[in-house]
Amino acid sequence: MKTMAIHPEEWKEFCDAFSQINKGDLMSVEHFHLDGRHDYVVEEQPLQAMTLDTDDACSDMISLVFFKEGQRRISHVVIEPIHLRTKEDAEGRKFIQIEAENGVTIISFHSGKLPEQQFHSEFASFGERKEVNSGIAPS
């Protein structure tokens, strides 16, 4: 299974691109709570939007909105995301896994697409040494 961990600095761009190319595509969302409970948020419902909100002073949030004509709008909010990963298996099934303060959310879909932009892995700089200016002149 091909997996990519999206760098947090690119989550907004990823969410915007994902919403744009998948609006109206059928998706399912499962939420695994930290206490072990498991919910099916939606099953095979059309996506309206996936957005990252960083305006709240306390927590960042990823919101998923689903809407089918003649039915009520369904929203799911991921509070304080920690990791955002995309996965695609050999059969073309695609998944987005979001680990957060309020549990793990998994979005699954078949007909939609993952954004084709080249996003950086959250581990891209792992092991790189960064220069830090300590204010002390070298001897």
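Here are two short exercises on aromatic rings and one arginine, with worked solutions.

This is a predicted model, in which local features need pLDDT of at least 70, side-chain atom pairs count only at pLDDT 80 or more, and totals for chains, interfaces and linings use all residues. Residues are numbered from 1 along each chain as its sequence is written, and side-chain values use heavy atoms, leaving out hydrogens and water.

**Exercise 1.** Find which ring pairs link Phe14, Phe18 and Phe109 into a cluster.

*Solution.*
1. Take the rule: rings of Phe, Tyr and Trp (its six-membered ring) pair if their centres lie within 6.5 Å, and planes under 30 degrees apart are stacked, over 60 edge-to-face, the rest tilted.
2. The count by this rule is two aromatic pairs.
3. Phe14 and Phe18 are stacked, at 6.0 Å centre to centre with 15° between the planes.
4. Phe18 and Phe109 are edge-to-face, at 5.4 Å and 70°.
5. Phe18 lies in helix H1 and Phe109 in strand E8 (DSSP runs numbered from the N terminus; helices are H or I with at least four residues, strands E with at least two), so this pair ties together parts 91 residues apart in sequence.

**Exercise 2.** Describe the surroundings of Arg73.

*Solution.*
1. Place Arg73 first: the loop between strand E4 (61–66) and strand E5 (74–79) holds it.
2. List contacts (heavy atoms within 4.5 Å): leaving aside residues up to four places away in sequence, Arg73 touches Gln48, Val65, Phe66 and Phe67.
3. Check the charge: the charged end of Arg73 sits over the Phe67 ring, 4.6 Å from its centre (the rule asks for NZ of Lys or CZ of Arg within 6 Å of the ring centre and within 35 degrees of the ring normal).
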